[in-house]
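Got the viewer open? Let's take a walk through this one, a stop at a time.

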Amino acid sequence: MPTTTTTTTTSPTPIVFGVLLLGAGVQLLDVSPVDIFGMLDPAYLRACQLPENVVAQGVDVEFHYITESDEALHPMTAGAKIGVTDSIHTSPRLTHLLLPGPPPTYTPSPAITHFLTTQLPHLTAFMTVCTGVMPALASGILDGKTVTAPRGLIPMLREKYPGSEFVEKRWVRDGKVWTSGGVTNGLDMMAGFLREGFQRGKKREVVEVVLGLADVGDRGQEYRD
């Protein structure tokens, strides 16, 4: 399997960031929020010729791309494939977990449900993008939570999962759980997450620099129509 990607260490406690890929044909754009997080890598910041005081705010992140099996490459939309670093059986304990959208017909196995329920208590943040909310709902980990989903699916999901409260927003946070609407709303969610998680400390400048470079984070939570 491909070697796990690790950035330069500049912070005392590494972030162990997992991306859980479920079902053949995961939406490629749904995975893109992880790259916003990856832009906090000091090596990336330095390559952008940013001032050293900004580079010094970079974040140490260890990325893991996780599937249910031991496959080397996972099929995405648009004919793309992502290198897999871990299966759910070999994954380390994560601090952050992103669940991008599988095909809407995907049903999580008992092993996936077990993985989600055992990882959740240790996570700083659990994030879903688009239909990624559906296996999370099916696993029961979103019971009692306020969540969002792709707008066209919310009526059906409200009926199917009455234990969760659905709101029609680009993204919503309930404690450590962050959920987003369709596809690119994951980028809006990640911008909100970085602002909430890092701007209270000494990394406020680097967060705004990264969001400016990516040109994301200005749409807010509310839809305009």
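Start with the whole chain in cartoon: nine helices and twelve strands (DSSP runs, H or I of at least four residues for helices and E of at least two for strands, numbered from the N terminus). The radius of gyration, taken over C-alpha atoms, is 17 Å, close to the 17 Å that the globule rule gives for 225 residues, so the chain is as compact as a globular protein of that length. That rule is 2.2 Å times the number of residues to the power 0.38.

Before zooming in, note that this is a predicted model, where local features need pLDDT of at least 70, side-chain atom pairs count only at pLDDT 80 or more, and totals for chains, interfaces and linings use all residues. Residues are numbered from 1 along each chain as its sequence is written, and side-chain values use heavy atoms, with hydrogens and water left out.

Next, select 185–198 and 204–214, helix 8 and helix 9: they pack at about 170 degrees, axes 9 Å apart. That makes the two roughly antiparallel (over 145 degrees; axes are lines fitted to C-alpha atoms over the stretch in contact, with angles from 0 to 180 degrees between N-to-C directions).

Now show side chains: Ala191, Leu194, Arg195 and Phe198 of helix 8 meet Arg204, Val207, Glu208 and Leu211 of helix 9 (heavy atoms within 4.5 Å). Five of these contact residues are nonpolar, none polar and three charged (Ala, Val, Leu, Ile, Met, Phe, Trp, Tyr, Cys and Pro count as nonpolar, Asp, Glu, Lys and Arg as charged, the others as polar).

Technical notes:
Parallel < 35°, antiparallel > 145°, perpendicular 65-115°, else oblique.
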